[in-house]
Amino acid sequence: MSLSDADLEFDRNHIWHPYTSAIDPLPTYPVAGAEGAEIILEDGRRLIDGMASWWSAIHGYDVPELNKAATDQLDQMAHVMFGGTTHEPAVRLSQRLVEMTPEPLQRVFPADSGSVSMEVALKMAIQYWAGRGRPSKQKFVTPKFGYHGDTFGAMSVCDPENGMHSLFSDFMAQNFFIEAPALGYDREVTDADFDELESVLENHADEIAALTIEPIVQGAGGMRIYSPQWLEGAVRRCRAHDVLVIFDEIAVGFGRTGEMFGVDHIDAVPDIMTVGKAMTGGYCTLAATLCTDEISHGVCESEAGVFMHGPTFMGNPLACSISNANIEKLQASDWRDDVARLEEGLRDGLTPARSIDGVEDVRVLGGVGVIEVDHTVDTAALQAHMVDRGVWVRPFSTLIYVMPPYILNSRQLRDVTDAMVSAAELSCEQSDGS
Ligand SMILES: *Cc1c(COP(=O)(O)O)cnc(C)c1O
């Protein structure tokens, strides 16, 4: 039940980990298990988890209700093709999603990952305009610093520099990029903040199917928290130019920002919305794309007559059952209080980082806490530094950030923020010395 040195050697030589070099891979930590808010390493060390396994394990690990949903569903069936069948797990989950999200979003496409749900969203937008007799609308407008996934369509709306678009430029769709909204949830927004968007819309609305955007927090592209006013203003301007709006809620959905969804911060509704990550509480992959009846009908009035997508594991009953239990547990919990508690603890605990020379910004919203430094961090060194302090955080680029499980208690949260501040000190000292 544990990895030998030869196994770890095999891992280094034969397995590709996320965003790592095959020639000089970053170190990996053998994990034996996880329970509550802790990851248990094979050597017995227990780490308080600041990442929630890439923002998905909102209730922590080894959650009795989710375990039960999985085993109960296994007794029924693990999977059945969704073409020509339906089943209770998928229907219940779709009922929940339709009920939880803004009223106009009525149709659910179950997808097998966040990236796929974004591909589906982009295709929906293009097929919609084809169905409405405007087939020239096949491009997208999107702010810089966005992240929407690693498949080619999704990549084409990710930040062009972070996503290294230059590598793929002949292959990848070319879209319109605007400056990202300025930082600050409480920032007062003026008309001038929309000049660039207005100008792209005025000049290119005939080519643009939709705006794609992560509401309120841009995640992996920079952990940038921005004003709901900006989001609302952007939606209004797109509407005025017959450009659809796609909200990518994969990172912020299911309570992360203190509201159930990013859209709940504003008084406007997207045409298409994607959810994923926290949807199964971190147990397995599942995502979904929701759209309005106007969109689903437009799509099906296009030449194809149907929506052109259908993954093998679409609507996987096991994943849907776990997701149902996850959402039920979330809704029955005091998640608003839990996230508010995280926000307070993060604000408090990260404040000392503000006075470190080399720290550019400290920002917090709900269960998102970020220290941004003025240099690219050494991921492996900082990770090792925090593991020594019993904390699991994975810094990248200029960011030492956390999106922990909602169940962290105040002592655990304090350990996490102390480790982050200490890592920021170390990183700034080292970069200063070099
Ligand atoms: C993670 C993420 C995705 C991609 O989801 P995967 O499940 O990794 O394919 C897309 N959009 C946002 C905002 C994300 O955070």
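## Ligand contacts

In this predicted model, an oxygen atom of the ligand lies 2.8 Å from a polar backbone atom of Gly114; a polar contact here is a pair of N or O atoms within 3.5 Å. A ligand oxygen is also 2.6 Å from an N or O atom in the side chain of Ser115, and one is 2.5 Å from an N or O atom in the side chain of Lys277. Of the 380 Å² of accessible area that the ligand has on its own, the protein covers 83% (Shrake-Rupley method, 1.4 Å probe).

The residues that surround the ligand (a heavy atom within 4 Å) include Trp55, Tyr147, His148, Glu214 and Asp248.

## Helix α4

Helix α4 spans residues 88–100; helices are DSSP runs of H or I with at least four residues, and strands are runs of E with at least two, both numbered from the N terminus. The 13 residues of α4 reach 18 Å from first C-alpha to last, close to the expected 18 Å (1.5 Å times one less than the number of residues).

Pro89, Ala90, Leu93, Ser94, Arg96, Leu97 and Met100 of α4 are buried (under 20% relative accessible area, against over 50% for exposed, with a 1.4 Å probe and protein chains only). These residues lie on the same side of α4 because they cover an arc of only 160 degrees around the axis, taken from the directions from the helix axis to the C-beta atoms. Glu88 and Glu99, on the other side, are exposed.

The cover over the buried residues of α4 includes α3 (64–76), β4 (105–111), β11 (272–275), β12 (287–292) and α10 (317–332), with contact meaning heavy atoms within 4.5 Å.

## Basis

Residues are numbered from 1 along each chain as its sequence is written, and side-chain values use heavy atoms, with hydrogens and water left out. Local features need pLDDT of at least 70 and side-chain atom pairs count only at pLDDT 80 or more, while totals for chains, interfaces and linings use all residues.

Definitions and conventions
Polar contact = N/O pair within 3.5 Å; in protein donor to acceptor, adjacent residues only side chain to side chain.
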